[in-house]
Amino acid sequence: MTHRPIHHGRGARIVLLGLTLALMAALGVPSGAPASDLRAAGRSPTPDSSAISGLDDIVSTLARVAEQMQARSAPPNPTAVPAAPTQPETLRADALAEPTRPPRGEVSVSPAGIVDLHVANMDVTDVLRLIADQTRMNIVASRGVQGAVSANLYGVTLDKALDVILSANGFGFRREGEFIRVYTVDELAAIEERERRPAARVFRLRYVTARDAEPVLAPLLSQVGRMAKTTPAASGLGSSATTGSGSAGDAGGDSSASGEALVVVDYAEHLDRIADVLRDFDVRPRQVLVEATILRAELNENNALGIDFTTVGGIDFSALNSVSPAAQSIATGLTPNAALQNTTFTARTGFNQNVPAGGFTFGIIKDQISLFIRALEQITDITVLANPKILALNKQRGEVIVGRRDGYLTTTVTETTAVQSVEFLETGTRLLFRPYIYDDGQIRMEIHPEDSTGGLTAANLPFKQTTEVTTNIMVRDGHTILIGGLFREVSSAIRSQMPLLGNIPGIGAMFRSTNDALNREEIIILLTVRIVKGEPEEKLAEELRQDSERYRVGQRRQARWFGRERISQAHYHWALDHLERGDTDRALWDANMAARLDPQQVPAAELREQLLGRRSWDEECSSLRHTLRNLIREGSGKPEPDFGRPAPPFRIPEGFEGPAGASDDDDHVDGPRRGSVPAKLEPEP
């Protein structure tokens, strides 16, 4: 805050000075005291504070009279140049200009830097001046800092006091070394905008892909912000063998193995905001365990009855050289030539052939009459239970197929060529789905369960009988719902008879056959969906793994006891039993037997090595197998040979000459004796 200097005439200044000195003498103020001693604001009160306050009023009145006298005596100057704008002033207590009216307020600062401030409708620059005077801080205010402040603060820090009195008028401050600079909010924003610089930060993604994260984070960038992402990895499990392209790139061979990441260049606050969003967005996806139950029950019932009646006249069956397989049927022969001169006749029905083979057969043959009855009732009850299970991530496609694939040839004929290709018919149990998990425990499922049978005809044409459902449903976590069902019944009645006679009640059965069929089919499709939460599912999976191991062991124990592998297993178990009882000799013997019977019995070989304290080795008589490993070993400064075998230079006993007759049996090699169990296996020296 600035004041215009007061210019009076020589006489006016003398009069003013005389009045001032007189008043000071009356109040007891020394004539050499500084002008600041005349203020009561911000100082300890004196016994004459009321007189000093009156003196301030008189001095202010005299200053105004002097200004009016100067204005009357000064000649007009129309060409005066406007004063140049002044720079922000330092409001240090010993450098601030004196105001026309002393500020009214009180500021006190404790030795610990705690501020008490009491001002009422006081200019903000005056408040800053009081604070600078008491705290001995360099406070600089810009030209735009203007306004009045009223506040009562007790026991606050300097920064808190400045923040309160400045923010009420739309101002702010910042520290720059030994200075506290006060600006308007717009000035502070402009300064921070000029000073801040973009920075680069790498965001490693764990579960989401960079392609999915980029559109989510793009709105958080500033105008100068930029974002780059890693190249997406190849999707799927394709290969040259399945795609036929012959390119290894189909399997993602050039994809980055370090995970996906985003590189963002922007201001610090924008980078922090992106980090906060990624913390909530890049989370572990949930999984669902889907179990589909497909129950198909089929009942086929067939009832067939047929009667064959044969009679001949003028001749009997024996004259016809007829043959009959145990009176189940009869086959007549040729009529003799002599009988052709007489009158002969025959009557025959052939309904037995309408009855499938099997069932009940009754036959009677007498001279010229034969009667055969065949009856069959067939009942077929088929039950198919398919229960596929599969685990899948949220929003990811899952598919499980348990069945068979039958190949067949197809031919495509054009005007010039005919091209054959192999197609496949897939049958069995198939489950195809995509889950959508919601936070309230509901799961939306796009699902297609299928159970089918089929094959190829004699003409190599495919046929297929299928039960399938395609639907989009909502299911609660852990609940089972019915998503499809079918009941179908087909009845058929087939009657073959002799016209008219077959309709006669009673005896008409001799002239007809019946075949009644009933086909009933029921299909039920159930679905159970469970959100995988971690520990319960992991425990269940471990139990299933243990059950599968029990099943494997049970199957192996069904093998004959005298098989090589079974005997090797028995010796290994006995070796462990002997070792537990402390009988190392018998344990070593059984371990040797187990390893010799089954060289692939690795646990037995390891037990033997621990009991002997050395490893078994045998040279390959090859100079190429360990060439690279020998080079690496020599370069690393570790010349120890592989598998505990000795390496040159060998130590030759003194006085030893010629070939040795030592046995190559491992038991004669120097080392710990049998029965000793070393704490740790070490290679032979």
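What share of the chain's contacts with a separation of 6 or more is between residues 24 or more positions apart? I looked that up before anything else: the share is 67%. A contact here means heavy atoms within 4.5 Å.

**Ground rules**

I'm working with a predicted model, where local features need pLDDT of at least 70 and side-chain atom pairs count only at pLDDT 80 or more, while totals for chains, interfaces and linings use all residues. Residues are numbered from 1 along each chain as its sequence is written, and side-chain values use heavy atoms, with hydrogens and water left out.

**Whole chain**

I found 13 helices and 21 strands. Both are DSSP runs numbered from the N terminus: helices are H or I with at least four residues, strands are E with at least two. Of the 685 residues, 28% are buried. My cut-offs: buried is under 20% relative accessible area, exposed is over 50%, and partly exposed is in between, using a 1.4 Å probe and protein chains only. The chain exposes about 44,800 Å², and 55% of that comes from carbon and sulfur atoms. Those areas come from the Shrake-Rupley method with a 1.4 Å probe; for residues, only the protein chains shown count as cover.

**Sheet β3-β6-β5**

Next I looked at an open sheet of three strands, ordered β3-β6-β5, with mixed pairing. β3 (138-141) and β5 (171-176) are the edge strands with a single partner strand each, so one side of each has no neighbour in the sheet. On average, neighbouring strands here are turned by 25° against each other, direction ignored. For angles, axes are lines fitted to C-alpha atoms (for helices, over the stretch in contact), and values run from 0 to 180 degrees between N-to-C directions.

Reminder to self: strands of a sheet pair through backbone hydrogen bonds, either parallel or antiparallel. Two strands count as paired if DSSP finds at least two bridges between them. β3 and β6 (residues 179-184) run parallel and are joined by four bridges. Ile139 stands opposite Ile180 in β6. Helix α4 (residues 158-167) packs on this sheet, touching β5 and β6, and its direction makes about 150° with that of β5. Helix α5 (residues 185-195) lies across β5 and β6 too, at about 115° to β6.

**Sheet β7-β9-β8**

Then I checked another open sheet of three strands, in the order β7-β9-β8, with antiparallel pairing. β7 and β8 (226-229) are at the edges with a single partner strand each, so each has one side without a neighbour in the sheet. The twist averages 15° from one strand to the next. Four bridges join β8 to β9 (residues 261-266), and Arg226 has Val265 in β9 as its bridge partner.

Which strands does α8 lie across? They are β7 and β9, and α8 runs at about 10° to β7. α6 lies across β8 and β9, at about 170° to β8.

I also looked up His270, which is in α8 (residues 268-281). His270 has 13% relative accessibility, so it counts as buried. Leaving out residues up to four places away in sequence, His270 touches Leu220, Leu221 and Ser222.

Thr209 is in the loop between β7 (199-204) and α6 (210-217). Its C-alpha is 8.1 Å from that of Ala261, although the two are 52 residues apart in sequence.

**Strand β14**

Another reminder: in a regular strand the side chains alternate between the two faces of the sheet. β14 (residues 389-393) shows me that: Ile390 and Ala392 point to one face and are buried, while Lys389, Leu391 and Leu393 point to the other and are not. β14 pairs with β10 (residues 287-313) in the antiparallel sense, over five bridges.

**Rings and charges**

How many aromatic pairs does the structure hold? I got one. Trp561 and Phe562 have ring centres 5.6 Å apart and planes at 80°, so the pair is edge-to-face. The rule covers rings of Phe, Tyr and Trp (its six-membered ring) with centres within 6.5 Å; planes under 30 degrees apart are stacked, over 60 edge-to-face, and the rest tilted. Trp561 and Phe562 are exposed.

I noted the charged end of Arg196 over the ring of Tyr267, 3.5 Å from its centre. That needs NZ of Lys or CZ of Arg within 6 Å of the ring centre and within 35 degrees of the ring normal.
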